[in-house]
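Visitor: I have a model to look at. Please show it to me, and then I will ask how you know things.

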Amino acid sequence: MSHYALECVECGRTFSDDSLLRCPRCGGLLEVALDYDAIEVDRRTLERRELGVWAFRELLPVSTDDPVTMGEGGTGLHPCPTLADELGVRSLHVKNEGENPTGSFKDRGMTVGVTKAVELGAEVVACASTGNTSASLAAYAARAGLTCAVLLPAGKVALGKLAQALFHGARVVPVDGNFDDALAVVRRLAEEGLVYLLNSVNPFRLSGQRTIAYEICRQLGWEVPDAVVVPVGNAGNISAIWQGFLDLRALGLIDELPRMYGVQAEGARPIVDAVLEGREDIEPDPDPETVATAIRIGNPVNAVKALRAIRCSGGWAVAVTDDEILRAQRKLATREGIFVEPASAASIAGLRRLVEAGEIEPDESVVCVTTGHGLKDPEIVMETCELPEPVEPDPERIKERLGLR
Ligand code: AN7
């Protein structure tokens with residue numbers, strides 16, 4: 001007997017065929033449902049292992065001892081007292097996912113998803129992407145010796161991510177359209193059996209991303225923060241993190257659950273609107289736009305799950321402007337030494353709004369998940385930095401320039 005099944009998030013039926021990417025009965029999304037009675041883990045065992053995705057192997061839906069891995073997870077949970085003070089909360093930690101092998105949280109999903117692809121005998125793996133998914137998949141496919149196909153919204157992917165996808169040898173197709181258009185095409189190719197899909201409709205990938213919650217709890221000594229703030233695009237990550245907390249509680253490793261907060265950009269906010277209007281599904285936005293290209297998504301496929309996570313946890317969703325995002329990005333870099341990409345900074349900008357709105361209270365503890373590294377998008381940063389003119393290597397001139405007299 002396996003320690004997991006695939007469960008339809010719409011009709012609740014369960015299946016044991018790992019090759020499924022939708023419910024064969026109703027077409028709904030599938031999620032990994034762990035059989036908690038079949039899993040034995042305790043805090044001591046987990047604490048003895050080096051932190052990382054595979055430290056939680058009993059909770060991952062694969063059986064191999066030989067995963068496709070590069071040491072993903074084990075990212076820092078950094079206390080940010082200066083920013084906590086400024087934003088008005090008792091404690092703020094940043095879970096910095098930019099520290100993963102390819103620079104984003106996607107690696108947690110890909111190590112599990114690509115391991116499953118190999119197990120299933122896939123030859124071509126594929127995704128649509130705003131950038132990070134393609135960078136991660138290209139790297140893991142290279143490592144596994146698989147052919148990788150990626151569809152990108154033309155002209156809207158940050159330079160670092162594009163360089164990664166190209167350099168790892170993926171077949172890159174820029175598409176005249178946005179992420180949602182590209183995802184629709186690649187889902188079709190998957191249904192025709194031409195590729196194995198590794199977008200966040202893939203339940204195995206999201207299983208790997210649950211380890212963000214597992215790690216936060218372990219790093220806090222099995223204390224659970226009051227609030228977890230997550231940038232939202234396709235809405236897979238916030239759903240996965242919530243499910244991770246549910247897993248740990250079901251296994252008796254934690255007692256409490258956090259409130260989950262989603263943050264979107266003003267120009268791409270279907271989840272925020274659905275939360276404000278109390279709806280259970282979103283109205284797609286055909287024309288999303290934001291400087292945070294990673295979350296420039298108008299029709300998030302995991303919306304139903306994310307809305308459930310936000311509602312069940314007692315959380316909320318907020319939108320932030322591009323200007324707020326860029327200011328938060330700079331603040332995190334200059335006050336705390338943490339360089340993240342714009343989409344990641346949305347969590348910090350969102351926290352400010354949530355505190356102002358009284359959603360998060362001054363005596364509470366908060367974890368913001370910063371999802372990708374600042375070096376992913378050097379161009380956006382250089383637009384606001386001034387590169388000084390060179391001077392001769394003369395100590396006097398240089399002292400003058402540095403203001404050191
Ligand atoms: C840095 O790469 O969708 O809500 O195709 O790169 O789980 O989609 C990226 C998403 C947040 C949103 N932060 O996560 C892709 C892609 C960063 C991201 C998100 C993304 P989801």
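Visitor: Which of the residues around the ligand come nearest?

Guide: Asn 132, Thr 133, Asn 234, Ala 235 and Thr 371 come nearest, of 22 residues around the ligand. A residue counts as near if one of its heavy atoms lies within 4 Å. This is a predicted model: local features need pLDDT of at least 70, side-chain atom pairs need 80 or more, and totals for chains, interfaces and linings use all residues. Residues are numbered from 1 along each chain, and side-chain values use heavy atoms, without hydrogens and water.

Visitor: What makes the pair of Thr 371 and the ligand a polar contact?

Guide: A polar contact is a pair of N or O atoms within 3.5 Å. A ligand nitrogen is 2.6 Å from an N or O atom in the Thr 371 side chain, so the pair meets that rule. A ligand oxygen is 2.7 Å from a polar backbone atom of Asn 234. Another entry is Ser 129: its side chain has an N or O atom 3.0 Å from a ligand oxygen.

Visitor: How much of the ligand's accessible area does the protein cover?

Guide: The protein covers 99% of the 480 Å² that the ligand has on its own. The areas come from the Shrake-Rupley method with a 1.4 Å probe.

Visitor: How many salt bridges are counted between domain 1 and domain 2?

Guide: The count is zero. A salt bridge needs a side-chain nitrogen of Lys or Arg within 4 Å of a carboxyl oxygen of Asp or Glu. Polar contacts do occur: three residue pairs across the interface of domain 1 and domain 2, both residues at pLDDT 80 or more.

Notes. Polar contact = N/O pair within 3.5 Å; in protein donor to acceptor, adjacent residues only side chain to side chain.
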